[in-house]
Amino acid sequence: METINERIKEIIQVLYHGNASEFSRKANIKQPTLNTIIGGRQSKPSYEVINAIALNVKDVDLEWLLTGKGEMLKSNYMVQSQIANTIGGHNVNISSLPETGTQKIINEEGILITSESWPNERTQLLSKISELTAEAERLKLENILLKNSLNDKDSLIRSKDELIQYIKQSVNS
């Protein structure tokens, strides 16, 4: 896919079976706005549109959406596997507690986790990891957009510098 417009069309085809209205509703993008992006006008999507896709269409890889690099869909299995097996960069098995008396698990507040409190602790950990993952994705998107904006501004400055040089040469001639 060469353009972001084409990649958005592919999302609609693959995830929403070609139903742009359903995509519009699920992504929280106004239908007329979506039509200008995927229709004949082929307008470039705004930050708000890209952010809406990032927040509401969770299976789409943001790097692919913005650049076309990689795969369209995140691997939910890999994400779940990473969430379930790493804490603080350390591989751990949090799917079940060890046998009684073999190991102790202490949460970040220093409280011993018991078999009775484990399901709640696990749910809280997974929830926090999900929140942090979503925040990291949002920051990644914002970083890419800011880099693109900076590149556009650099290009504009170069163009203005060239115009100034041209005017100076014209005046001096």
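**Exercise 1. Work out how helices H2 and H3 are oriented to each other in this predicted model, and name the residues that form their contact.**

Step 1. Two packed helices are described by the angle between their axes and the distance between the axes. In this predicted model, H2 and H3 pack at about 120°, and their axes lie 10 Å apart.

Step 2. Angles of 65 to 115 degrees count as roughly perpendicular and those over 145 as roughly antiparallel, while the rest, apart from angles under 35 degrees, count as oblique. H2 and H3 are therefore oblique to each other.

Step 3. The crossing of the two helices, H2 and H3, is right-handed. On the side of H2 the contact is made by Ala20, Ser21, Phe23 and Ser24, and on the side of H3 by Gln31, Leu34 and Ile38.

**Exercise 2. Locate asparagine 28 and glutamine 42, and decide whether each is buried, partly exposed or exposed.**

Step 1. Asparagine 28 sits in the loop that links helix H2 (20–27) to helix H3 (31–38), and although it is not a glycine, its phi is positive, at about 65°.

Step 2. Exposed means a relative accessible area over 50% and buried one under 20%, with partly exposed in between. Asparagine 28 has a relative accessible area of 63%, so it is exposed.

Step 3. Glutamine 42 belongs to the loop between H3 and helix H4 (47–56), and this residue, again not a glycine, has a positive phi of about 55°. Its relative accessibility is 28%, so glutamine 42 counts as partly exposed.

**Exercise 3. Describe the largest nonpolar core and the surroundings of leucine 65.**

Step 1. The largest nonpolar core has 26 residues, and those with the most contacts inside it are Ile8, Ile11, Phe23 and Leu65. Two or more residues of this core come from each of helix H1 (4–16), H2, H3, H4, helix H5 (62–67) and helix H7 (118–172).

Step 2. Leaving aside residues up to four places away in sequence, leucine 65 touches Ile4, Arg7, Ile8, Ile11, Ile50, Ile53 and Val60.

**Exercise 4. Place these details within the whole chain: which elements does it have, and what share of its residues is buried?**

Step 1. The chain has 7 helices and 4 strands, and from the N terminus on its elements run α-α-α-α-α-α-β-β-β-β-α.

Step 2. Of its 173 residues, 23% count as buried, and the chain exposes about 12200 Å², of which carbon and sulfur atoms supply 52%.

Notes
Residues are numbered from 1 along each chain as its sequence is written. This is a predicted model: local features need pLDDT of at least 70, side-chain atom pairs count only at pLDDT 80 or more; totals for chains, interfaces and linings use all residues. Side-chain values use heavy atoms; hydrogens and water are left out. Buried means under 20% relative accessible area, exposed over 50%, partly exposed in between (1.4 Å probe, protein chains only). Accessible areas come from the Shrake-Rupley method with a 1.4 Å probe; for residues, only the protein chains shown count as cover. A nonpolar core is a set of buried Ala, Val, Leu, Ile, Met, Phe, Trp, Tyr and Cys residues joined through side-chain atoms within 4.5 Å. Contact means heavy atoms within 4.5 Å. Axes are lines fitted to C-alpha atoms, for helices over the stretch in contact, and angles run from 0 to 180 degrees between N-to-C directions. A crossing is left-handed if the near helix is turned anticlockwise from the far one by less than a right angle, and right-handed if clockwise.
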